[in-house]
Amino acid sequence: MVNWCLLPDHVVEVIFSYLDVHDLRNCSLVCKNWYTFLNDQNNDVWRLHCVRRLAEEALKSDLLASVPTYKAKLRAFYHAWNPNDCSRNIYVKPNGFTLHRNPVAQSTDGARGKMGFRSGRHAWEVVWEGPLGTVAVIGIATKDAAVQCPGYVALLGSDEHSWGWNLVDNHLLHNGDSQGNYPLLNNAPKYQGCQISSYIHQCLPYMVTLRCLWYTLVPRWMADPAHH
């Protein structure tokens, strides 16, 4: 039987690096020492997970340069685009954070993030490269919201289960109606970035980069990648 307390830190780091994040969550609940160990956001556990999960171009790019720790970089990856939950006219680039829409006429296309939430406050940085076109909406919705629709429509804000921010006219959409200007500012600047959601759609070719900035959940421990 192995006495974990006697193992050197570098050996523990290597062992933990082979566990998935769900198992790491369970490990962090075993004892105070393991919780403290896994709470070190720059140890080799999180570095090795980043090397295995994130594309090299993402780790070395300016996109994650301002993210201070390996655990934070991994958290950003887990809250970026889901390549398996988007319109057929959209593909997610190898870096995992940028999607590209093919120029298909008479089609509105969307993509969702990898993770959903039940409560809390969340913020993303969204960088939109390219024209906005007729409809450009960012927002929140249930998992049942469509990610593709013929024509040019707002996929978000069309029913009571979703909210959308139309970046073209700065209108807040909900239940099929405009709820007025958003943000609530006089002469609000158009085409500004959004920090609300992981869902986007458009009518022209574009690239959108999504990076998780911060978020909080109740209970608080659920906000760590090790606890999903």
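I began with the hairpin of strand E8 (residues 162-166) and strand E9 (residues 171-174), which has four residues between its strands and a positive phi of about 55° at Asn170 in the turn. This is a predicted model, in which I took local features only at pLDDT of at least 70 and side-chain atom pairs only at pLDDT 80 or more, while totals for chains, interfaces and linings use all residues. Residues are numbered from 1 along each chain as its sequence is written, and side-chain values use heavy atoms, leaving out hydrogens and water.

E8 and E9 pair in the antiparallel sense over four bridges (pairing requires at least two DSSP bridges; strands are DSSP E runs of at least two residues, helices H or I runs of at least four, numbered from the N terminus), and I found Gly164 opposite Leu173. I then followed E9 to strand E10 (residues 177-181), its antiparallel partner over three bridges, where His171 is bridged to Asn181.

Next I looked up the largest nonpolar core (buried Ala, Val, Leu, Ile, Met, Phe, Trp, Tyr and Cys joined through side-chain atoms within 4.5 Å; buried is under 20% relative accessible area, exposed over 50%, partly exposed in between, with a 1.4 Å probe and protein chains only). It has 23 residues, and Val45 is among those touching the most other members.

Leaving aside residues up to four places away in sequence, I noted that Val45 touches Glu13, Phe16, Ser17, Leu24, Phe37 and Leu38 (contact is heavy atoms within 4.5 Å). In H4, I listed Val45, Trp46, Leu48, His49 and Cys50 as buried.
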